[in-house]
Amino acid sequence: MPHTHGEETREQLEKTLNPVEVLALALGAIVGWGCFVLPAIRFLPDAGPLGTVIAFFIGAFFQCIVALSYSVLIKPYPVAGGAFAYAYAGFGTGGAFVCGWALVLSYICVIAANAMALILLTRYLMPGVLDVGYLYSIAGWNINIGELIFVSSVLILFGWMNYRGMNAASTIQVALALALALGILVLAAGTFASESARLENFQPLFSEDRSPIACILVILALTPWLYVGFDTIPQTAEEFKFSPAKARDLMLLSIALGAILYTLVTLCVAGYIPYKDLLSRNHAWATGWVADQVFGRFGGIALTVPVLAGILTGMNGFFMATTRLLFSMGRSKFLPNFFSSVHPKYNTPWKSVLFTLGLCLIVPWFGRAALGWIVDMSAIGTALAYLFTCLTALKYLLAHKHVPEARWAKPFCVVGAATSIVCFFLLIFPSSPAAISVPSWIMLYIWIGLGALFYLNRRKELIQIPHSRLRFFLFGKSDYPVLFDDQPLRTRVANRQEEA
């Protein structure tokens, strides 16, 4: 619905979300395809069982610290856009665009990765059924017309749901998140109670190719991506039907639950038989193989329900978050007005939905190899967004010493910023155990180039827009407080000359 101030019009989103729906949104976004696919592909080969679990909980602890920075800002800035809006409040237009564009990359990567995980699931459930219409191969992975049509149809379905509105999407999210959590608990109970499960299966506790510290670091660098779903909560703050003050507890709870569910699935894969033996068999989907052994083929197929729920909640949660972020960037003139259009009937950012859908439909054409590239790029974008948020929260607390959080939250903001910096450099340094691959760099440069084109196209107009207008577009009020000097450079120079 539009909100006016003078001659300006600002589109706003309806308040439709309750706390249960918001928690389901975040948990489903955190526990997606990676929880079920990566244990045998990335976690256990790179770090071993103990290295992985230690990294999960260290990462969860530090992401909780980052979440506290979000909780500081969500109360004074309860608007769509989350970290993007916070980055503007702290650092102005340049910082806001870098943060927002990095976060769009991270979110879209997660949607696309979940879509690719659907192909892995269908090859396990229905081998050969969709494997028709061979087109070409990438890194040993066949691209088939049948699978492309299937995944594209699922993406279009989620695009349609978000086009129609939040009510349908959030209701489905709650049901899927419940199925996800219950399914993982059943899988864990069955695996740990099986005759073959024993502690010896977890040997070696760390990867034999790395030191224990390196094992932990290689997974720890990915934790901004693993837990990125918690920040879908501030992304949808404008649509809360409850006080934004409750967002802190919801974010912390979603991270803690995410760490527990990631750990349970990884230990199931590692503990049923000696995990080194399992990895040597090179199963297409090791988690599904374990479920088959524990519950039989029928039970294994039944337990694909939580896997499907994890994939679909991740897709849906990040679809909602991505479109709200693009909407906020368009509404505040950082992106073309195309992105700020609200549907006259459904009150949704429908053009942002279409843009997100279009980008996601490209990824399935690159096959399973794209999964690794996507994880790396997403982690980089997330770490940057977290850094901006933590630094903005610190600036806010230093400028508002009277707020309750000022007594305890400043050290958390510093630690959260340091964590983001460490994760970022672990990913970009070539000698790091977590360094991203060459294809990831290529795709990252393409995304940076696209962002540069958008920014250069908008830069002239952005510079000419008074900050009072930008604050109205972002926060709803032209006099909303920010944490940087919003006077034009020429005005600051003139004032200094007068003072001199």
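Helix axes are taken here as lines fitted to C-alpha atoms over the stretch in contact, with angles running from 0 to 180 degrees between N-to-C directions. In these terms, helix H2 (residues 33–74) and helix H15 (residues 410–428) of this predicted model pack at an angle of about 125°, their axes lying 8 Å apart. Since angles of 65 to 115 degrees count as roughly perpendicular and those over 145 as roughly antiparallel, H2 is therefore oblique to H15. The crossing in which H2 passes H15 is left-handed. On the side of H2 the contact is made by Phe62, Gln63, Ile65, Val66, Leu68 and Ser69, and on the side of H15 by Phe412, Cys413, Val415, Gly416 and Thr419. Sorted by class, the residues of this contact comprise seven nonpolar and four polar, with no charged residues.

A second helix pair, H3 and H13, packs at an angle of about 55°, with the two axes 9 Å apart, and these helices are therefore likewise described as oblique to each other. The crossing of H3 and H13 is right-handed. Ile108, Ile111 and Ala112 of H3 meet Thr356, Leu359 and Cys360 of H13 in this contact, which has five nonpolar residues, one polar residue and no charged ones.

Within H13 (residues 350–360), the buried residues are Ser352, Val353, Phe355, Thr356, Leu357 and Cys360. The elements that cover these buried residues include helix H3 (83–125), helix H4 (145–164) and helix H12 (304–331).

Helix H12 also contains Ile311, a residue that is buried, with a relative accessible area of 2%. Leaving aside residues up to four places away in sequence, Ile311 touches Trp33, Asn114, Ala117, Leu118 and Leu121. One of these partners, Asn114, is separated from Ile311 by 197 residues in sequence, yet the two C-alpha atoms are 5.3 Å apart in space.

Confidence in the prediction varies along the protein. The pLDDT averages 83, and 91% of the residues score at least 70. Confidence is highest in helix H9 (residues 247–271), with a mean of 93, and lowest in helix H18 (residues 489–499), with a mean of 47. Across residues 489–497 the pLDDT is below 50, and this stretch has three contacts in the model beyond near neighbours in sequence. Where pLDDT is low, the predicted coordinates should not be read in detail.

Technical notes
Residues are numbered from 1 along each chain as its sequence is written. This is a predicted model: local features need pLDDT of at least 70, side-chain atom pairs count only at pLDDT 80 or more; totals for chains, interfaces and linings use all residues. Side-chain values use heavy atoms; hydrogens and water are left out. Buried means under 20% relative accessible area, exposed over 50%, partly exposed in between (1.4 Å probe, protein chains only). Helices (H or I, at least four residues) and strands (E, at least two) are DSSP runs, numbered from the N terminus. Contact means heavy atoms within 4.5 Å. Angles under 35 degrees count as roughly parallel, over 145 as roughly antiparallel, 65 to 115 as roughly perpendicular and the rest as oblique. A crossing is left-handed if the near helix is turned anticlockwise from the far one by less than a right angle, and right-handed if clockwise. Ala, Val, Leu, Ile, Met, Phe, Trp, Tyr, Cys and Pro count as nonpolar, Asp, Glu, Lys and Arg as charged, and the others, Gly among them, as polar. pLDDT is the predictor's confidence in each residue, from 0 to 100.
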